[in-house]
Amino acid sequence: MSQVCQVTGRQPGFGHRVSHSHRRTNRRFDVNIQRKRYWVPSLGRQVTLRVSARGIKVIDVRGIEAVVAEIQGRGGRL
């Protein structure tokens, strides 16, 4: 499953792990992606989204209808 939030577009960040001796190795900062199901009255069905924790808060504030309309406007798949 891809690690991209369908609402905010957040992706993993990359950086370095720094040891005690200050040696650096590559690491990845993953986004807190969760699969959530929402009932969308305009579509008359449930939609499963891959959203980050921040994306869930955005849906709570703006509403699922507005967020789904934005995703569809970008050509995203539901």
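Helices (H or I, at least four residues) and strands (E, at least two) are DSSP runs, numbered from the N terminus. With that in hand, Gln-6 can be placed in the segment before S1.

A word on the basis of this report. The model is predicted, so local features need pLDDT of at least 70 and side-chain atom pairs count only at pLDDT 80 or more, while totals for chains, interfaces and linings use all residues. Residues are numbered from 1 along each chain as its sequence is written, and side-chain values use heavy atoms, with hydrogens and water left out.

**Gln-6**

Gln-6 counts as buried because its relative accessible area is 14%; buried means under 20%, exposed over 50% and partly exposed in between (1.4 Å probe, protein chains only). Its side chain makes the two polar contacts tabulated here. A polar contact is a pair of N or O atoms within 3.5 Å; within protein, one must be able to donate a hydrogen and the other to accept it, and residues adjacent in sequence count only if both atoms are side-chain atoms.

| Side chain | Backbone partner | Distance |
|---|---|---|
| Gln-6 | nitrogen of Arg-50 | 2.8 Å |
| Gln-6 | oxygen of Arg-77 | 3.1 Å |

Leaving aside neighbours within four places in sequence, Gln-6 is also in contact (heavy atoms within 4.5 Å) with residues including Thr-48, Leu-49 and Ile-71.

**The nonpolar core**

Now to the core, a set of buried Ala, Val, Leu, Ile, Met, Phe, Trp, Tyr and Cys residues joined through side-chain atoms within 4.5 Å. The largest one has 15 residues, and those with the most contacts inside it are Val-7, Tyr-38, Leu-49, Val-51, Ile-59 and Ile-64. Strand S3 (33-40), strand S4 (45-52), helix H1 (53-62) and H2 each supply at least two of its residues, with the largest share, four residues, coming from H2.

Ile-64 lies in that helix, H2 (residues 64-73), and is buried because its relative accessibility is 14%. Beyond its neighbours within four places in sequence, Ile-64 touches Tyr-38, Trp-39, Val-40, Leu-49 and Ile-59. Tyr-38, with the same neighbours set aside, contacts Leu-49, Ile-56, Ile-59 and Ile-64, among others.

**Strands and loops**

S3 and S4 pair in the antiparallel sense over eight bridges, where pairing asks for at least two DSSP bridges between two strands. Gln-34 has Val-51 of S4 as its bridge partner. The two strands form a hairpin with four residues between them, and Gly-44 in the turn has a positive phi of about 70°.

His-22, in the loop between strand S1 (13-18) and strand S2 (24-29), has a positive phi of about 70° although it is not a glycine.
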